[in-house]
Every structure is written in structure tokens, then in C-alpha cells.
Amino acid sequence: MARILLKAPPFSFPVPSLLGCFGARICCQKRFSLTARFISTSTQDNLEGLVDPEDPFSVGASQFESVSEEFAFLRDSLLRSAADSEQKIEVGKSSNDAAIIANAILTNNDEFGDKTQKFLRQFREKMNGNLVAQVLNLIKRPELGVKFFLWVGRQIGYTHTLPVYYALLDLIECGNGDRIPEQFSREIRDDDKEVLGKLLSIWIQRCCHNGLWNVALEELGRLKDLGYRPSRRTYCALIQVFLRADRLDTAHLVHRELSDSGFRMDGYTIGCYTYSLCRAGQWREALQLIEREEVKPDTVLYTQMISGLCEASHFEEAMNILNIMRASSCIPNEVTFRILLCGCLRKKQLGRCKRILSMMITEGCYPSPRIFNSLVHAFCRSGDHAYAYKLLKKMAKCGCQPGYVVYNILIGGICGNEELPSSDVLELAEKAYGEMLDAGIVLNKINVSNFARCLCAAGKFEKAYNIIREMMSKGFIPDTSTYSKVIMYLCNSCKVEKAFQLFDEMKKGGLVPDVYTYTVLIDSFCKSGLIEQARNWFDEMVRTGCTPNVVTYTALIHAYLKAKKVSNADELFQMMLSQGCKPTIITYTALIDGHCKAGQTEKACQIYARMRGDVEIPNLDLYFSVDDGEAKEPNVYTYGALVNGLCKVYKVKEARDLLDAMSAAACKPNQILYDALIDGFCKVGKLDEAQEVFAMMSKDGYSANVYTYSSLIDRLFKDKRLDLALKVLSKMLENSCAPNVVIYTEIIDGLCKSGKTDEAYKLMLMMEEKGCCPNVVTYTAMIDGFGKEGKVDKCLKLLREMGSKGCAPNFITYSVLIKHCCVAGLLDEACELLDEMKQTYWPKHMSSYRKVIEGFNREFLDSLGILDEMNKTESIPIVPVYRILIDNLLKAERLEVALELYKEIESFSSFSAAIKSINDALISSLSLGGKVNEALELYGDMIRKGGIPELSTFVHLIKGLIKVDRWEEALNISYSICHNHKILVRAVESSAPS
């Protein structure tokens, strides 16, 4: 190695000690893969400088030696193929000769003595490189092969060719591993020193091609020791192998010795050298090297430098080289731009990618479809979906039409994340989807499902429903899984009708629904309150041989319990057990939650106790009849369901005790459970206990959320603690917990009840400014607040404002406004509102009314008489609205209008206490107003329906009859009063205890 440690280079980079650098073999060819595309593109003008005049095989020996290093494996193969082709020209003759020669050498048993040499003389004229190479391949004995090689080299008219040297190296490597054995080296040198020099040079080059730089260096030392001068090709091969091994310092020393020997590097080696220097950030040194080697840089060489800089993330320097390249009148080509673009893309330099792509397209160099695909994928992952979509347009302008891959990348990038896309980003996906359809391209199965999920979340159910149908028209074949997922997304968005239609299409298409599909439908229909339809699906799946699983059973059992159909739930539970389907902890949690919602909190507590094994309760044997050996230990969701159920019926002490039970069972409460307990304590006015639970929640690492704050604020307003309520609101904002519409509404309602309607209205305007739109409950609370202060004009204004802002008033809103109009004497406006309500919002079923009143304060609904009416008769609570209006019409002596409203309500409502009360009031008012015929008619109606008028009603009716001289009818009614009185007295006496 001392022979190559010469003077320092004119440009500097670190040169560490070479001690210990010859240990392991290094094969690092992969770093040159980027330059492969352009290495062999040098023009013929450079060939003169690439040919080594001192290389024994530089001219005529091999037309493949100038092939680039990346294609070295092809070079050897082509060389061998060339030899093989020459052999095939003389098929039979040469092959037979090779076999005869090899057989003679191996069987004469004279170790290539006189007898063998005498026999071979007959083949002198036939000897050529191909025949000799064949013989060497057949001999298989290195010592005989070397002797044959030396003998044939002495024959007149014969010269060793490259295939012969390769064949000899293959043969002698078999005998001694990775280097030429010393004995063979001496034997060849003694016979022909020049031949040994050629053999060693080829062997060094071969070691370099195989990455064996340590062996190559040792052989170079031997070459020099033997007095040979290494060729330029040998030096270049060594430089290349050190560059591949990331040994820039050693490569530099070899280069210096090459220069001192009067050689210059060939073009390929210069390219590798500049690439390695640039990859090390030494681009100025690379330019100096090019100048010293007196090489005029071309597009290929500059591109290699750019490639190295991009590999090392030196993008500014790469752009500098590009500018130098342009200044030298060297035009970047498509490969240059692709290297730059791919380098920036690989290192996620997306801003640079945009600039390079723009430059590239401007100069008429277009990226391949594969690069466009990678760009779209990268920009989607970075969240720049708008530019990703623009790339589709750029593809088309570059003459590359977007296809299946890039469309699926874009839509998958937008819709494939757990977080739903914004509306504008989803719109991009929809545009791309429309273009796909026009081009006849389909989404893959995963993207069909994800796209449908995002459309459902955005409320675009019709589009989600149509996706599968549209894809099928383009050749897409959906499977059960695809249908199931889209059905699930539609169900989760409460679009059960669309889900049902898609399910029906699925069956018509010949696909058999699996248990997952059926369970999704059953669960969704149960949650929508359509239990009978859900049961129909259940029965259908059983008939078709699709076995329900525990999730299917649990969903239906839970729904039956919430609907208070306990017997149906028990029947289904028994069926589940009979089919060998064992209940899980989820099933038992559903049982507890269902019984709580059915009003059977005591039974829910018993199920919990039985789960823990605390007691034996006979009436729960059905639920615990199967002992599968697995403990039914309650989990956090079980506790949560029971805590929530107990709090709903104000049993907060029992709910609080469950926290201790959880602690003993090492079951950590979750945020939902804490929120339910805080809400429960707030509902019963125990703020101290709520604060204690709040502290426990914070200690467990949970931060108060919008639900926690909502419970506290609601309680504080009910306790008239506005100061504390506002402090809680401030704390909420400090903790970056933005109030939602529920909290804003609670505060607005509380302010209104405290007579601070102006502040409440300002808060409503503020919530809109903050992007939180008031809902129907908010508007109704505000209308009620203004109405109580007699500001009915503002109430009416708010009603119109609701409509203009897309918030439809509901039954409660109209009821409140009608009530305040009546109080203010605006009866015409009240009647108009009633007509408007009937025309625009008139629920036909009790379930619709129950949905309407969700979100309204219970006390508020009680004040309107709505809950009482619903609980007593399970009828539509319209009567209180009519009663308010009729009472006020009667006070205003507008008897005809009041009578018309009564007849209207009588037509769709059964006779009840509320109807009887209205009837009494009407009879009294009509009698006093001189309309005795109408009063008598109403009196007769009430008697026929089994109603008995109040005594005051009788008095008013009799007075009215006397005023118009209808004494006989007055006496008859008086007699009926006495008769009815006697009947009532007897009934009371008979029911009294003896």
C-alpha cells in the first residue's frame, strides 16, 4: 500500500489512515443505481479518451468493455456469449476437438509431459481462443490447466483472448479461493512475464467488479512487486470499487497514483467520482476534478453530480449545479429533471417539487405516469389535496391521461384517513370521481367503501347510495364486504331506507348477505326504533341458514328492553342460549342498560349483583343458566350503564357507591362514567358532591369536557348562581374547551329566566359569530324569554329569522309563541300561527313528538302541559295549545272562532279531561253570550260521551236558558243535576268502608 501513498491532492478532503482498511469485502453497488439510466449515453466523440492504449485488450479484444459499471454483469455475460457464439460457428468440430484435447491431458498420466505435448501438436493450427477456453473449462485440474495455458501460448500464430484468461481464472480460483495461488503465479511468470502481468491486471479488474477491494489492492501490490505497470483500466476499476465502498480517501490516493503514472480517468470513472464527491457535499471539489482531468462536462456528467447532491439532500447545491449547467450552454434533459424531481420527492421537499415540475414542463420534459402517481401520493399525504388534484390536469396536458392508479391514489388519500375530509376537499374527490366515471375507470373495493363513508358523513346519502351501482356499470364487481360497509355507513347516518334498498339490490344481484351485513341492518333498525322490521331481518337470516351471532342477539335484546318489551327480550335470550350462543359481557351490559331504560332500574341492579356473584336471585336464572366457566366480571361499560341508569332516576347515592365498587375491582372509571355521575349530582342539586367527583376525575387524568361543563352550568342557573355559572364558562374557555350549542342554550335559557333577555340575545348573536349556530331549542328559549317580558314583536321577528337561517321551528316553538300571543291579546296572530303550525309542522305519531321534545328542559315542557298530556293519554299533546288559544278567545268573546277550534280538536283527539275542561268553558261562555243552542249541543255531546259537566257549567247553562225564556229546558237540566247528585252520593257511600 505504501506505493500509492503519494503527495496530497490540490483540492482537499479528509484522508484518514489506510491501516486496517483491507479487512472485509464490501459490495455497495446499490448507491450507483440512480446513475444507471444515463451512464451509457456518452457520445462517440468521447470514445478516444475512454480507450486505454496500454491495455492489452483495449482494441479488438472486447467490444463490450466500455459498457457502464451498472451493466457489469451483462458485460461478462456478453463476453462469454461472444465466445459461445464463436464456438457455435464450428459446432461439432471444435467441441469434439476440445473434448479430445481435454481427455488426452487428463488421461495420459504424465502431468502434461512430452507424450501429451506430442499428441497436442496435431491441433496447433486449430488453436484459437474459443477452443482453448473450452479445454480449460473441461480440464477441472488447475495445475494441468496452467500448463496447457502456457503451452498453447507458445504456439506460433496464437494469442490469448479475454475468454481464455477468464477461463483460466475460473479454473485456478477453484483451487485456492479468492486469489491466484503463488505457485501458479511463479510458473506463469517463469514462462512468460508479460502474460502474468495481463492475467493479474484482469484479475484485479475482476475483483473490483465483484467489490473485493482488499483482494484487488493486494494483487495490485503483487503486480508492482513483479515489476509490472498497472494499466489505466486497472486503476479506474480500483477507484470505482473504493467509491462504491464509500472510501473516498482511498479512491483519491489511487487517483493520485493514476495521475502520476501519466493516465487520466475514463469518462465512466469520472462520472462515478463526481457523483461520490457530490453525495459527500463536495460539489466544488467535483468541479475542480473535472477541470484537472481536462474533461468538458456534458449533460450526463452534470446530471450525475445533481444525482449525488439530491441523494445527500443538498437541494440548494443541486439547483446551483443546474444553473452552472445552463450557464455552460448545457441543456438539462428529461433525465436531469427526473433525478431532481425524484430526489426532492424522496426527501419530501414538496415545495421544490412544484418548482422543478413547472420548469420541467416549461422546457418540454414531461414526468412519467409513475412519477405523477408518486407526486399525487406525496401531496395527498402532506394534506395538499388541492395541488394533488391539479396534478391530474397537468398529467393530461403532458399527454398522459390519468388512469386507475392515480385516481385511486387521490380518492384514497382524501377518504382513506380516519379523520373525515373537509367539505372542499371532499368536493375534489367528487370531481375526480366524476372524471373517473366519464373515463370508464373504477375505484377499488376499499376506496368504494371509504368514499361512501365520507359522503354519508357529509350528508350526501344519494351519492353514497349510487356509488356501487355506478361502479358496477363500469365493470366493478362488488362483493358482500363492499355492500356491507356501504350499508353500515348509511345506517350510521340514520339512512336506513337507503340501506334497505341497497341490501335489496345486493340480494337481487345474487350475493348472499353474511352475518355481518344482517347484524349491521338489525342494529341500525333497532336504534331507529323499527324493532319489528329488525325482527323480520332476524327471522329471514335464520330461515336462510345464516346463524346469528352474539352481537346480533344482543342488538335485538337491547332494543326490546328499551321499548319495554321485556317478554320479547327474554324469549330471544332463551333462543340465543338454545342455539349454543353464549352471552358475553357486552350482552350483560346491554341487559343492564336496557332494563334501566325500560324503567326497571331495580332489576338492572340485581343483574349487576348476580354478575358479581353477591346474591342468588331466582327470577334472573334465565340470564345465568349457562355456566361457561368464564367470569362475568363487570367492565367499565357495565358500570357506566348502571351509573347512568341510576342517575336518571335520581338514585345518585347508589351510583356514587359504584365508584367504590369499581375501585375495589381495580376497574378504572372512564370520562363518560364521571360525566354521568356529575350530571346526576347536579340534577338533584348536590353541587358539593358533583365537585368531589370532578376532583376525582381530574386526579385520574381526565379533563373536563363540554358535557361536564354543561351539567355544572345548568345546575348553577337553576340555583340562580349566575356569577358562578359565568366563572365556569370562563374556566371552560381558558381550558380551550369551546362551548357547544347545548351550553350556549343553557346559558341563554338561564339568563332569560333571570329576566336578562338583552344579555341572552347578545350571547346568541355572539355564538353565531363564533361559528356555533343556534338550534331550535336556542331560538325557542329566546322566544320564551322575550314573551315573558311582553316583547311579542321580538318573538315574531325571531320566528321569521329562524326560517331565513335554515332553522325550522317545531311544535314546541309554535306552542310557546301562541301562548305569548294570547297573553298579549294578539289572538289573530295566535290563530295564524296555529294554522302555520298545522301546515308546516304537524307530527302524526307519538314517536315524532318524543323526538321533537328532545333537548328541551323538562320543567319548561311541564309549564306548557305537554308532558302531562303525553304521560296520561299517550296521545299527541296538541290539546294544551288549543286550550290556551280557546281560553283567550272566550275571554275576548270571540265565541265563533273558539267553537270552530273546539270542533277541530274534537275531530282528531279522544275525549279526555282536557277536552272536557274546554267543553265546560265553552258551554259557560256560550250560555252567557246568549248562544244557548250551541251550548245545549255541546252539553248533549258531553253527556253522550260519558262526561258530567262541572256544577258551574250547569248554573251558567240554566241562567242562559232562563234569559231566553226556555224554562222547561232549564227545569229538566236542574232535575238532571239533582239526579246526578244522588247517583254520585250513592257511589261514594258504596265505596266507603263499612
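## Two helices side by side

Helix H17 (residues 334-346) packs against helix H19 (residues 369-382) at an angle of about 30°, and their axes lie 11 Å apart. Angles under 35 degrees count as roughly parallel, so that makes H17 roughly parallel to H19. The crossing of this pair, H17 and H19, is left-handed. Keep in mind that you're looking at a predicted model.

Which residues make the contact? On the H17 side they're Arg338, Leu341, Cys342 and Leu345, while H19 brings in Ile371, Ser374, Leu375 and Ala378.

## A helix with a buried face

Now hop back along the chain to helix H14, which covers residues 283-292. Its buried residues are Trp283, Glu285, Ala286, Leu289 and Ile290. Look down the axis of H14 and those buried residues fall within an arc of 155°, so they line one face of the helix. Turned away from that buried side, you'll find the exposed residues Arg284 and Glu291.

What covers the buried residues of H14? The cover includes helices H12 (248-260), H13 (267-279), H15 (299-311) and H16 (315-327). Following H14 comes glutamate 294, with a positive phi near 55°.

## The whole chain

Zoom out and the protein chain has 53 helices and zero strands. Of its 994 residues, 51% are buried. Take the contacts between residues at least 6 apart in sequence: 65% of them join residues at least 24 apart.

As for the outside, the accessible surface of the chain comes to about 47,300 Å², and 52% of that belongs to carbon and sulfur atoms.

How values were computed
Residues numbered from 1 in each chain as written. Predicted model: local features only at pLDDT ≥ 70, side-chain atom pairs only at ≥ 80, totals over all residues. Heavy atoms only, no water. Helix = DSSP H or I, 4+ residues; strand = E, 2+ residues; numbered from the N terminus. Buried < 20%, exposed > 50% of the residue type's maximum accessible area, 1.4 Å probe, protein only. Contact = heavy atoms within 4.5 Å. Areas by Shrake-Rupley, 256 points an atom, 1.4 Å probe, with all protein chains shown as cover. Arc of directions from axis to C-beta. Axes fitted to C-alpha atoms, helices over the stretch in contact; angles between N-to-C directions. Parallel < 35°, antiparallel > 145°, perpendicular 65-115°, else oblique. Left-handed = near helix turned anticlockwise from the far one by under 90°.
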